[in-house]
Amino acid sequence: MNGLRAPWLGAWEAPWELGRGRRWGDAPWALAAIAQGWMLGGREGRWPRASWRAGKGRGPWVEELTGAWTARPDPAWVSLLRHGSAAIPAERRGKREDELRAWCWQALLEGDGSPWMSLGTVLLDRPTRERWVALLGAVEEDGTLCLPPFLEPLVPAPLRGLPPGWWETLLGSMDAEGRLLPTGTPPGALPWTELLAQGPTPFLPLVLPELPPALLSLQGTKWLHGVPGLGFAVAPLLRAWGRGLGACSAALEALLPPSLALGDLPGSPGVEILAGTQPPDGSLPGGWTAPVQGDLAGEAVAQAPEPCGDPALDRLRMRWPGSAPAPQAPGYPAWGASAHPCADPFHWMAEGILAYRAQGIERALRAFTWAHAHFLRLGSSFWAERAAANAAQAALFWGDLPGLARWRALRGPQPSPHRELEELTLLAVRDEWPQALPLLRKLISEYPQLGHPWYILAQRGLDLGRRDWVQEALPHLADDGARRLFEAYLEGFPTAPPSGLVPEQALIWRYHRALGASSECEAFWDLWKECPNQPLRLDSGLSLLEELPSQRSAARLLELQVLVDRMESPRHQERLRALWPEVSSQEPEDPIGLLEEALARRPFPTWLVWGPPERPRLLGSGAMAPEGALSHLHRQGSLPPFEAQGRLWWGFPLVWEGGVVGHALAALDPEAPPDPCADLRRLAPWLALVHPAPQAAPPLEGGALLADGSEPMASLLRELNRVAPSELSLLILGPTGSGKELAAREIHRLSGRPGQLVPVNCSALAESLLESELFGHVKGAFTGADHERRGAIESADKGTLFLDEVADLSPRLQSLFLRVLQEREVRRVGSDRAIHVDVRFLAATHRSLEELAASGAFRRDLLYRLQGSTLRLPSLGQRRHEFPYLIPRLIAQITQEAKAPFPEVAPGLAQALSRLPWPGNFRELRHALERALLRCGSGPLKPEHFPELQAPILRNRTWEQATREFQRQFLLDTLRQHRFQVSEAALSLGITRPALYVAAKRMGLDLVSEREKWEGGPEAL
């Protein structure tokens, strides 16, 4: 691919603009850039590391190729394409992203760009794609045309192999109408009289099926090229002098007739079928009228007719009983493809049905997603809702509950009782039985003829050991497999599951046999891996590991974590979290040599990282850590279990004296029980001895604002230095305590104005007093004015006036102050003499002046005067990464002012403080440091001197979550009180023993693990 030539590589100028997208973050620009990366190597799994540029209209192009290649695209590049900014995490979903685009981005991050190459037919109509051939088309060293997949169907494959140099001319030598521009002298020794007598017609098509008489004499020369199966192509140089067309829409559309697979709207009867209306009489093949009418009316079709040869109709036919997969057709992918530029939505509906029947639930979900997108593109809301309904069903079985909610919204409301049935299923899948059971009973009472509620009742009875519920439901179950399952439960599952059961029923059967005999566990896990019902896999796998701790392994817990993350179910997340071992931080002592010995004793690779983010230090043993894992761990603070290099890895912080002194990345045995890595936790105090913590007072910079040079303060300081010397009024915005007055002092210091900075707090004084404070007064102006007084505005002459909380100015003072800004004159209260002033005006507020102006509470003309320029100070929460820099300097400021010695600071203190919310920003943090310095006296400053670190951090919890946590702790305390004698604990609570087990399971309590910790004494707890 190194010899690729294209306009977006600078080989020639594009003949016209992109015409779609206006900035990074727009889908068409992303599509164009990804297509370029695809052709440069992405299709082989080698994504180029390059710098892209873009211009309005022109779109993206490659500015520089570094020569480096990676299996996955650069996440910063993906962030730029997805969000318009490389600073936003690439994994974050956009606010307006539908299911299709979210999946395409996810696949791209994993190195698969094929979904994006298929998305081109959704985003762009056929004429636009034909225009893009000249913009994105590239030519390989041998002259072959290279196109991204969504453009490939527009140019027949035989035509892409023209002689060297031809495609460069066809793509890059066109005018705005697509006609080729002649260059040089017309080629001699050609019958120009005969050629031009034919007019431009022989030179318009890209391929001539038959040669006109004027071109017969050119056979066998360099001016003609035979295109297998299509005809003849005329050399571009000759075409240009005949004013023929290049690779433009007019020439390309003549190569292939309109087709639904290419994205064209169909004629009758396809257009009526898409609209959900009955086709005209006689427009359908024989035997097709009744099935089509029944399908459009929502009725069951008894039998499919014979195939008719129309690709779209034959794929519509696959919805009906007795139909086989339609034969392969031009422009259509082979069955089983998850991504392809085919734009026929009926193909994707048929692909989804085939995949769903074959238990390929994820592939079915992707196919229904393509169908929905193409139905919307064609304006068919009728079929789009059907595709959304199919996708919702697939999302449920795939365990994608957030996606299911979005598909339900696209599908529209369901009538009763289907709406209630769906809600019941969702509650059951989320393990929210307190809400599900009343709805279940209501459905059974009002719709006893429905089988699904009875099945759920029987299954819940089986889970809880309620034989009466199973016996109640059995007479209402029509499915033979379900009846055999629940009858076997009543008999104690005496045999293995018989053949003929669906995978879900066989898995439930195996689960209950595994509870009774550990020898059955392997059979359960074999079925578990193959079951297509993902919510059932999650619940049954969790339940078995809760009941049988010996079955727990890191690999199984990691598989369950994937399912939990997809479902985003808090209840299952809580249950799974309880299965991972709880790790407590221990604190012994020693330096680097002991760290190396401890790491060398571990059987699996282990790495430690510590120190400042810009200069981290590493120490490890065994194989190298996965690429980027240590830097990510050091930056983010933790890494959940993940698989790489054939191993499971887990990254976590090492804590000493309440602060993080480093991080450990450990490989785990996937087949062994999860390792809490307690030995690594005990390395924390050793690491604290080598952790570079400043013990001497750091130097204090001259500026009032402290910053380590990183974002977001770096941009703010650059802007501050830029605007400080100007005379413009300046508005400083930021939350309370973020340092707005400090910013004003820094601006005044850098402005060079000889006068002083005069601050006025507009919220601290009543209106009458504030007027006098600002404008001054003459003697006798009001009661108590016994002498003349200069106001703050006059005092700031030749200097700077800083109005803090300017939003609190009354309407009258706003009017008076606006006149001062306009005229640069001030009148004292009680005087009619104007005094000219030379003042730079700064204002600050933590409130939104735009909102106040919109509501009429703040004059908009005053707002425009004040915001000659605007500075926005970040909150302390946005500067958590700066705490290792800020904390010692704030301590140095405080001790310098108090004339006290700089104390020794415990390692990790800054990181510990950074985890607190600090809603009062710098003001609150400084006061906390002052109080802590008083408590520590002459000793080292430790986390224990900060009550804020000892108090639990407030969390946003619902009433239900708080109630469940209280119940969980109450049950745990009762069990400990009764020495984990379950019968005694149940008796004291007034419930049965089975009910206590059910309650413990619902609350995520692992009784075996909790008892082991209780028996281990207080240290284990």
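# Exercises on buried residues, cores and a cavity

In this predicted model, Cys531 is buried, with a relative accessible area of 3%. Let's start from there.

**Exercise 1.** Work out whether Cys531 is in a disulfide, and which cysteine sulfur is nearest to that of Cys531.

*Solution.*
- Step 1: Begin with the whole structure, which holds 0 disulfides.
- Step 2: Cys531 is accordingly in no disulfide, and its nearest cysteine sulfur belongs to Cys521, 17 Å away.
- Step 3: Compare that with the cut-off: a disulfide needs two cysteine sulfur atoms within 2.5 Å.
- Step 4: For another cysteine, look at Cys936: its relative accessible area is 10%, so Cys936 counts as buried, because the limit for buried is under 20%.

**Exercise 2.** Find the helix that holds Arg126, decide whether Arg126 is buried or exposed, and list what Arg126 touches.

*Solution.*
- Step 1: Helix 5 spans residues 126–136, and Arg126 lies in it.
- Step 2: Arg126 has a relative accessible area of 6%, so this residue is buried.
- Step 3: Leaving out residues up to four places away in sequence, Arg126 touches Leu154, Leu252, Glu253, Leu256, Pro257, Pro258, Ser259, Leu262 and Asp264.

**Exercise 3.** Do the same for Leu558: locate its helix, classify its exposure and name its contacts.

*Solution.*
- Step 1: Leu558 belongs to helix 26, residues 554–567.
- Step 2: With a relative accessible area of 14%, Leu558 is buried.
- Step 3: Beyond residues up to four places away in sequence, its contacts are Trp580, Pro641, Phe642, Glu643 and Leu648.
- Step 4: For a longer view, take Ile891, which is 333 residues from Leu558 along the chain; their C-alpha atoms are separated by 44 Å.

**Exercise 4.** Which residues have the most contacts inside the largest nonpolar core?

*Solution.*
- Step 1: A general tendency helps here: in soluble globular proteins, nonpolar side chains tend to be buried together.
- Step 2: The largest nonpolar core has 208 residues, and Trp8, Ile34, Trp116, Trp132, Trp167 and Phe486 have the most contacts inside it.
- Step 3: Apart from this core lies another, of 34 residues, including Leu813, Val839, Ala853 and Phe858.
- Step 4: Now follow Trp167, whose contacts include Leu159, Leu162 and Ala247.

**Exercise 5.** What is the volume of the largest cavity, and which residues line it?

*Solution.*
- Step 1: The count comes to 1 cavity of 30 Å³ or more.
- Step 2: The volume of the largest cavity is about 30 Å³.
- Step 3: Its lining consists of Leu159, Leu162, Leu170, Leu206, Ala233, Val234 and Arg239.
- Step 4: Sorted by class, that lining has 6 nonpolar, no polar and 1 charged residues.

Key: Residues are numbered from 1 along each chain as its sequence is written. This is a predicted model: local features need pLDDT of at least 70, side-chain atom pairs count only at pLDDT 80 or more; totals for chains, interfaces and linings use all residues. Side-chain values use heavy atoms; hydrogens and water are left out. Helices (H or I, at least four residues) and strands (E, at least two) are DSSP runs, numbered from the N terminus. Buried means under 20% relative accessible area, exposed over 50%, partly exposed in between (1.4 Å probe, protein chains only). Contact means heavy atoms within 4.5 Å. A nonpolar core is a set of buried Ala, Val, Leu, Ile, Met, Phe, Trp, Tyr and Cys residues joined through side-chain atoms within 4.5 Å. On a 1 Å grid over the protein atoms alone, a cavity is a set of points where a 1.4 Å probe fits but cannot get out, and a pocket is an open set with protein on both sides within 12 Å along at least five of seven lines; lining residues have an atom within 4 Å of a point. Grid points are joined across faces, edges and corners, and a volume is the space filled by probe spheres set on the points. Ala, Val, Leu, Ile, Met, Phe, Trp, Tyr, Cys and Pro count as nonpolar, Asp, Glu, Lys and Arg as charged, and the others, Gly among them, as polar.
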